[in-house]
Protein chains: 2
Amino acid sequence: MTNNTQQARRRFLKGLGVAGAVAAAPMAAPALASSMRSDGVKWDKTVDIAIIGSGFAGLAAGIEAKRQGANNVTIFEKMPVFGGNSAINGGLYAAPATPMQKEKGVQDSVERMVADQMKAGRGIADEGLLRHVAEHAMEGLQLAIDAGAEFHPYLQQLGGHSVPRTYQTSVSCGAGITQPLLKQARKEGVETINRIKFDGFVLDKDGKVEGIKLKRGYYFGEEDSGTEFFVRATRGVIMATGGFAQNVNLRMAQDPTLTAEVGCTNAKGATGEGMFEMFRLGAIPVHMAHIQSGPWASPDEGGFGYVSNYSIFNFPHSIAINRMTGERFMNEIADRKTRADAELNCRDAEGKPLPPIMVTSWEHAKQHPNAKKVLKYGVGWKFDTLEALAKHFDVPLKPLQAQIEQYNQYVKSGVDEQFGKNMGKAKGKYIQAPFSVVRLWPKVHYCQGGVQITKEAKVLDSFTGKPIPNLFAAGEVTGGVHGVSRLGSCSIPECVVMGMTASRSIMQA
Amino acid sequence: MTNNTQQARRRFLKGLGVAGAVAAAPMAAPALASSMRSDGVKWDKTVDIAIIGSGFAGLAAGIEAKRQGANNVTIFEKMPVFGGNSAINGGLYAAPATPMQKEKGVQDSVERMVADQMKAGRGIADEGLLRHVAEHAMEGLQLAIDAGAEFHPYLQQLGGHSVPRTYQTSVSCGAGITQPLLKQARKEGVETINRIKFDGFVLDKDGKVEGIKLKRGYYFGEEDSGTEFFVRATRGVIMATGGFAQNVNLRMAQDPTLTAEVGCTNAKGATGEGMFEMFRLGAIPVHMAHIQSGPWASPDEGGFGYVSNYSIFNFPHSIAINRMTGERFMNEIADRKTRADAELNCRDAEGKPLPPIMVTSWEHAKQHPNAKKVLKYGVGWKFDTLEALAKHFDVPLKPLQAQIEQYNQYVKSGVDEQFGKNMGKAKGKYIQAPFSVVRLWPKVHYCQGGVQITKEAKVLDSFTGKPIPNLFAAGEVTGGVHGVSRLGSCSIPECVVMGMTASRSIMQA
């Protein structure tokens, strides 16, 4: 790698603005496509299956590969810790027709879950892939449970889902799944190496992926670190490298409003180089412009924080209030895009962002483990009277009072005449003092875009429409599955199922 | 090129369905990235600037390159005829603050045009690029006029534009611009070669684009045809290869509903291989999912046809009617996406497409040159009474009568209380017998997605955020300019201005 290329990569990872970089050195050499031919390569290691990334998809792929009889399976992770962005997500897992649904009398099916997702996808989701994931979602959940993952004893009904079908880890975090899966993977003989960064594919003369080039001993943020390391993968390479939400240049290329100032829930490593290297190999970029912001995030804390899980849990029995009007402005459990767009419209008289508030009765809010934490860390507030709440957030009191009375009528009647919210989970849960309040503002959360795959997790080539031999991808690095808006808690099942699917495709070939 | 690769490319161009291809030969070798190093290449030809594609962008680039002092400039066109998809488009050209606007008393400005486009772009258009194009739009129009292009003596107000600012060629077709530009380009010394297909870039050791690989003597649809031909481009390569609306696989990757059965207005050559080769080089894919369908097209004829220009002209003083209800269902001059989505919602009781009708008074419809042609070719109808019209299209008569009376009130008052249509161009134009009618159904028309460029028409690299040296792109092959929905008549100015811009960037470097 030339010195220019190294410098360029460093800039890439630091997310330096495009305009700035162009102004500084308009015609310097770009990074070349890093993939290369295998002629003369000295392999440092040979495995059956090489897996890049140690989030849900990579870990599930590793375990399943061993169970399918693969001998040498290695997971390569660029960061010092395993688990990727998965480890810090909300730990929410949607599945249809589960034991807990049966226990609680919830009618659900694969078809119903797919229909909910197709609606949020606004016509361009991949129905076949969604169905494949839904059909295997319970199997993926069982994989996690068998590995030791623990879940809350209740189901949640997240925005856009027509029934409660979402499990959540008892630690309310993705690490409640990645840690057991990591342990299980190692127990079953999967090798795991950290601080080793994917740096390109190695191809044979026919374009088959024969192996990968890596940088071993890599320190994130120090792009000169690490030494070249070549791994031959005799049966296939599984790319489970995640999205690019933390890459400001690449997300701004799709949406100029997603500047460095906009918050992001993702782990720092979500920078997308694995995805873009696949585009250089000929993979088809799908739905790159559809970047999802989480409508449950708080502007008062960094990343996913404490508020996100708190508000996801509380939305069904809370009201979201525009502070200019004192009135509701959205269905609190609509799909993510609908809500994020509605929140972004909450502006002061000058058009500046005025984060709306979510108001919940303390007696219901306190059911969530984070209710006290948001108070402790100063990102949530508790008020004994509506007057105090209105004064604190500068909300007009009378319209707010009237709105709460009106909403409480909907709680009573079971019909939301304003926004058509499903009031099933709000039954008997009136909005009344004392109040628990958090502020809301969307944060960049998930990239629906990525490489196009088949139901076998094969990566398609743009010129042939056929799979690139020996290349597989699973999880957020793939695109087109969810369409315009992904429903909450549908990413973990996708990652786990498609990771398992990739290993089955390889071993059953 | 291997035999496998040739076969693969043939499949690519024939637009064979992905599913079918996969089923037939799941793991055959894909086409390799065609770009290659220049070591040992024997150049067949050396030019200053190589331009790929002979549509608006390529032709404007060619002329401007000569005017900026380039010696050898060659335009390479894969099809037997020059002009590309541009030659068969509607010939509509939007520009702000033009002589005809002044003459007709229309207040307009660069800012106003950009604001209209930003609104249609739904927040993700590239404001800087839109402004650059709007600022130079009149200059581009003058280039065409000076070359001999002739325009109708009136301005049109197309959907989403807040004022009339659209010129149209007197032949109501893009050939009214491409033919004069082609003639002018040759007159100024630009060489033009047809039946020669771009087949990849040739790079120097630092990744700079040193030239291109082509297939000379190529016959479209016969992918084995043609012989290898290497062209060195000492100052740069301009990619003006257009969109991929005719590539069924690639458009379905973005939107599964855009099957081979969906109509398309584009020329057959709009298959996208130039764009995807740039992705293989590291260009950033932007807004690939935003594929625009023309809401003015007819399901009763192939391609752009006669109806499209007829209905674009007549929408301001026509009503669009849902045949199930007999009522209007959209603002007839909303932006394209708004209208296409509204038309796609026109369904019968079983949910099957029921193309809506556009009803115009014959006395106004006949002002357009295609009014008689649509009757002659059986894609338009004329009725003396509303009863006959309603009977022919199975529309409930009473609601239709009531709707027309109501709409005529809006014509009188100047305020559309149903859909907020700007009634300025409808003044005095009541809907009355005899009636002229066409059917409407969207056709795939334009790809907003493509490679990310700067205002200098430079193509950015995904790893560095900096331009790929000596590579430029202009026109529909670029992405991100227009955002979610492109306003009608804004593509030709973009193509012409960015083509000129590319040549200026090269020659002023």
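# Exercises on a predicted two-chain model

B:Arg195 sits in the loop that connects β6 (191–193) and β7 (196–203) of chain B. The model is predicted, and the exercises below start from this residue.

**Exercise 1. Describe the backbone and the exposure of B:Arg195, then do the same for B:Asp394.**

Solution.
1. Most residues other than glycine have a negative phi.
2. B:Arg195 is not a glycine, yet its phi is positive, about 50°.
3. For exposure, count the other C-beta atoms within 10 Å: B:Arg195 has 18. A residue is buried at 20 or more and exposed at 12 or fewer, so B:Arg195 with its 18 is partly exposed.
4. B:Asp394 lies in the loop between α14 and α15 of chain B. Its phi is near 55°, again a positive value in a residue other than glycine.
5. B:Asp394 has 10 other C-beta atoms within 10 Å, so it is exposed.

**Exercise 2. Find the cis peptide bond in each chain and place its proline.**

Solution.
1. Most peptide bonds are trans.
2. In chain A, the bond between A:Ala433 and A:Pro434 is cis, with omega about -5°. A:Pro434 belongs to the loop between α15 (397–413) and β16 of chain A.
3. In chain B, the bond between B:Ala433 and B:Pro434 is cis, with omega about -10°. B:Pro434 belongs to the loop between α15 (397–413) and β16 of chain B.

**Exercise 3. In what order do the strands of the open five-stranded sheet of chain B run, and what pairs with what?**

Solution.
1. The order is β13-β12-β14-β16-β15, and the pairing is antiparallel.
2. The edges are β13 (327–328) and β15 (381–383) of chain B, each of which pairs on one side only.
3. Start from β12 (residues 319–322) of chain B: three bridges link this strand to β14(B) in the antiparallel sense. One pair of bridge partners is B:Ala320 and B:Met358, the latter in β14(B).
4. Move on to the next pair: β14(B) and β16(B) run antiparallel and share five bridges. Here B:Val359 has B:Val437 of β16(B) as its bridge partner.
5. Finish at the edge: β15(B) is joined by three bridges to β16 (residues 435–439) of chain B, again antiparallel. B:Phe383 has B:Phe435 of β16(B) as its bridge partner.
6. Now add the helix: α14 (residues 386–393) of chain B lies across β14 (357–361), β15 and β16 of chain B, at about 140° to β15(B).
7. Check the cover on β14(B): four of its five residues are buried.

**Exercise 4. Which strands form the edges of the five-stranded sheet in chain A?**

Solution.
1. Write down the order in chain A: β13-β12-β14-β16-β15, an open sheet with antiparallel pairing.
2. The edge strands are β13 (327–328) and β15 (381–383) of chain A.
3. Three bridges connect β15(A) with β16 (residues 435–439) of chain A, where A:Phe383 stands opposite A:Phe435.

**Exercise 5. Summarise the fold of chain A and the contact between its domains.**

Solution.
1. Chain A contains 16 helices and 20 strands. Its radius of gyration is 23 Å, close to the 23 Å given by the globule rule for 509 residues, so chain A is as compact as a globular protein of that length.
2. Of these 509 residues, 60% count as buried.
3. The domain assignment gives domain 1 (43–293 + 449–509) and domain 2 (296–441) of chain A, with 32 Å between the domain centres.
4. The contact involves 18 residues from domain 1 and 19 residues from domain 2 of chain A.
5. On the domain 1 side, five of the residues are nonpolar, 13 are polar and none is charged.

Key: Residues are numbered from 1 along each chain as its sequence is written. Chains are lettered from A and ligands numbered from 1 in the order in which they are written. This is a predicted model: local features need pLDDT of at least 70, side-chain atom pairs count only at pLDDT 80 or more; totals for chains, interfaces and linings use all residues. Helices (H or I, at least four residues) and strands (E, at least two) are DSSP runs, numbered from the N terminus. The radius of gyration is taken over C-alpha atoms; the globule rule is 2.2 Å times the number of residues to the power 0.38. Domain bounds come from an automatic or database domain assignment. Two residues are in contact if their C-beta atoms, placed from the backbone, lie within 7 Å. Ala, Val, Leu, Ile, Met, Phe, Trp, Tyr, Cys and Pro count as nonpolar, Asp, Glu, Lys and Arg as charged, and the others, Gly among them, as polar. Two strands pair if DSSP finds at least two bridges between them. Axes are lines fitted to C-alpha atoms, for helices over the stretch in contact, and angles run from 0 to 180 degrees between N-to-C directions.
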